[in-house]
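Labels such as "buried" or "exposed" ought to be justified. Here they are put to the question.

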Amino acid sequence: MNPLAVTVAGVAFPSPLVLASGVMGLSASSLKRVADAGAGAVTTKSCGLEERKGHPCPSILPFEHGLLNAVGLANPGVEEMAREIAEFQARSPIPVIASIFGRTEAEFGEAAARLLALVRPALLEINVSCPNVSSEFGQPFAADAAACARITSLVKARADGVPVAVKLSLMCPSIAQTAKACAAAGADAITAINSVGPGMLIDPHVRRPILANQVGGLSGGAILPLAVRAVWEIARAVPLPIIGTGGVTRPEDALQLILAGATAVGIGTGIYTCGLEVFGRINAFLTDWLAREGLRSLDALRGAAHHPPPAEARHG
Ligand SMILES: Cc1cc2nc3c(=O)[nH]c(=O)nc-3n(C[C@H](O)[C@H](O)[C@H](O)COP(=O)(O)O)c2cc1C
């Protein structure tokens, strides 16, 4: 038996480590590279109804504690993404999570339907939480629990039985309440968190913001404590599997998210800072850790930092 195997909304992942949306998720070949590196599932770049060019460069800015990004949901549109997913599925057994977004609530349902007419991913992930598009679309949907619930219902109605994960942000009054609203609307899993902010960095020599978009979402090591806290609160609020995401670069970071209640662990910026080897390194660590602790699976660690431990199982 594979000790690292986990189940998210009925989908079997051979490792809890998941490629987070937006990093290496645009093409079948880059998804395949991540799967081959040891990811237990891969998430596509979020795609919408139409191709989107996104924000001008520089749009990605590394700094000591992570990244600022203002990619602005650049993507080829659902039809092209469906072709990449189908090609990936022909080349890899690793489950693929298709991330979709909409500019309006109705567009989320439409994007799900158009994607699923062409391909059947293992899971759909609804990105209600991109911090880079608020200037064009107003507040991110994630700021409004009722809007998240309506979007969840719309997508569930068109998902044709494919499980739906809702990707939440901390840019809301209470991430636990938002997760509850999504659960009541039929969400099968919660992914948390998206990048945080937006933030800004200024080049003191030219006295201007460095990103062309001026502001961008913060990700990487700086947000790990926020992600751990978010997963902790969501795990207490809803009995859904959680894909805990944010700031994971080291094995202990992944373990913290699992102990807070995550079933799976997303990695995005960790690929920029540590390379694709990050997946193999964390898998090896978790396997050794389980053996040392005399555990046959991650089940006993999931949510173990809660006292008393959560009553309900958080997988499946
Ligand atoms: C360059 C970049 C692009 C991203 N694009 C998306 C996206 O298209 N959809 C999405 O849901 N999240 C997107 N994210 C957010 C990540 O999936 C993740 O939630 C966030 O970065 C926190 O995880 P990390 O610290 O491991 O990167 C993006 C992040 C980065 C750094």
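The turns below take up terms applied to this predicted model.

Q: Why is glycine 247 called buried?
A: The cut-off is 20 or more other C-beta atoms within 10 Å. Glycine 247 has 28 such neighbours, so it counts as buried. It is found in the loop between strand S15 (242-245) and helix H8 (251-260).

Q: Which residues does glycine 247 touch, not counting residues up to four places away in sequence?
A: Gly220, Gly221, Ala222, Ile223, Leu224, Ala227 and Asp253. The UniProt annotation "binding site", from an unreviewed entry, includes Gly247 and Gly220.

Q: What makes threonine 269 buried?
A: Threonine 269 has 28 other C-beta atoms within 10 Å. Buried starts at 20, so threonine 269 qualifies. It sits in helix H9. Its contacts, leaving out residues up to four places away in sequence, are Gly66, Leu67, Ser219 and Gly220.

Q: Which residues come nearest to the ligand?
A: Ala20, Gly22, Ser219, Gly268 and Thr269, out of 29 residues around it. Two or more shell residues come from each of S6, strand S16 (264-267) and helix H9 (269-274). Gly268 and Thr269 are also among the positions covered by a UniProt "binding site" annotation in an unreviewed entry.

Q: How do the residues of the shell around the ligand divide into nonpolar, polar and charged?
A: Ten are nonpolar, 17 are polar and two are charged. Gly counts as polar in this scheme.

Q: Is lysine 45 buried or exposed, and how do you know?
A: Lysine 45 has 23 C-beta neighbours inside 10 Å. Buried needs 20 or more, so lysine 45 is buried. The residue is in the loop between S4 and S5. Its contacts beyond four places in sequence are Ser21, Gly22, Gly25, Leu26, Asn75 and Ser99. A UniProt "binding site" annotation (unreviewed entry) lists Lys45 along with Ser21 and others. Another such annotation covers Lys45 with residues including Asn69 and Val71.

Q: Why does valine 71 count as buried?
A: Its count is 22 other C-beta atoms within 10 Å. The threshold is 20, so valine 71 passes. Valine 71 lies in the loop between S6 and helix H2 (78-91).

Q: Why is glycine 303 called buried?
A: It has 24 C-beta neighbours inside 10 Å. With the limit at 20, glycine 303 is therefore buried. Its place is in the segment after helix H10 (277-293). Its C-alpha atom is 34 Å from that of methionine 200, 103 residues apart along the chain.

Q: What makes alanine 9 partly exposed?
A: Buried needs 20 or more neighbours and exposed 12 or fewer. Alanine 9 has 19, so it is partly exposed. It lies in the loop between strand S1 (6-8) and strand S2 (11-13). Its phi is positive, about 50°, although it is not a glycine.

Q: Why is aspartate 160 called exposed?
A: Exposed means 12 or fewer. Aspartate 160 has 12 other C-beta atoms within 10 Å, so it is exposed. Aspartate 160 is in the loop between helix H5 (145-158) and strand S9 (164-168). It too has a positive phi, about 55°, without being a glycine.

Q: Where are the cis peptide bonds from cysteine 57 to proline 58 and between glycine 197 and proline 198?
A: Proline 58 lies in the loop between S4 and S5. Omega for its bond is near -5°. Proline 198 is in strand S11, and omega there is about 5°. Most peptide bonds are trans.

Q: What makes S5 and S11 edge strands?
A: Strand S5 (60-63) and strand S11 (196-199) each pair on one side only. The open sheet runs S5-S6-S14-S11, with antiparallel pairing. Four bridges join S5 to strand S6 (residues 66-69). Phenylalanine 63 stands opposite glycine 66 there.

Q: How do you know that S3 and S4 pair?
A: Pairing takes at least two bridges. Strand S3 (residues 17-19) and strand S4 (residues 41-43) are joined by two, and run parallel. Leucine 19 stands opposite valine 42. Both strands belong to a closed barrel of eight, in the order S3-S4-S7-S8-S9-S10-S15-S16.

Definitions and conventions. Residues are numbered from 1 along each chain as its sequence is written. This is a predicted model: local features need pLDDT of at least 70, side-chain atom pairs count only at pLDDT 80 or more; totals for chains, interfaces and linings use all residues. A residue is near a molecule or strand if its C-beta atom, placed from the backbone, lies within 6 Å of it. UniProt positions are given in the numbering used here, feature names are shortened, and annotations may be inferred rather than shown by experiment. Two residues are in contact if their C-beta atoms, placed from the backbone, lie within 7 Å.
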